[in-house]
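Me: I'd like to go through this structure and ask how each label gets decided. Can you take me through the reasoning?

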Amino acid sequence: MEHKKIIKSRYNETAEHYDRRYSEIQQVKYKIIMDKITIEPQYKILDIGCGTGNFYQFLKDIKCPKFAIDFSFVSLKICKEKFFLNRL
């Protein structure tokens with residue numbers, strides 16, 4: 001159990017750095033994915049390991065229920081702030 005606490009602490013400590021460093025490359029990856037799929041309004045999206053919300057950038061205008069979870073509370077906080085989300 002102590003190992004999980006250490007990992008969680010490291011994710012929380014590096015969330016802002018991760019967002020600055022990897023946002024651009026993550027967006028390239030997500031654009032490729034979104035160009036290959038169609039999301040219908042009746043779909044529900046669950047982003048497991050959402051991190052700082054880089055994928056949400058591509059989902060925000062799609063009218064369907066979206067849910068995001070992450071191990072790092074700091075990452076979730078950044079995601080909420082970036083996209084003005086009330087619930088994650």
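Me: What is Thr-52 in contact with, leaving aside its neighbours within four places in sequence?
Reply: Contact means heavy atoms within 4.5 Å. By that rule Thr-52 touches Ala-15, Tyr-18, Asp-19, Ser-75, Ile-78, Cys-79, Lys-82 and Phe-83. Keep in mind that this is a predicted model, where local features need pLDDT of at least 70, side-chain atom pairs count only at pLDDT 80 or more, and totals for chains, interfaces and linings use all residues. Residues are numbered from 1 along each chain as its sequence is written, and side-chain values use heavy atoms, with hydrogens and water left out.

Me: Why does Thr-52 count as buried?
Reply: Buried means under 20% relative accessible area, exposed over 50%, and partly exposed in between (1.4 Å probe, protein chains only). Thr-52 has 1% relative accessibility, so it's buried.

Me: And what about Cys-50, buried or exposed?
Reply: Buried, because its relative accessible area is 8%. Cys-79 counts as buried too, at 1% relative accessibility.

Me: Why is there no disulfide between Cys-50 and Cys-79?
Reply: A disulfide is a covalent bond between the sulfur atoms of two cysteines. Here it's called when a pair of cysteine sulfur atoms lies within 2.5 Å. The sulfur of Cys-50 is 4.9 Å from the closest cysteine sulfur, in Cys-79, so that's too far for a bond. The structure holds zero disulfides.
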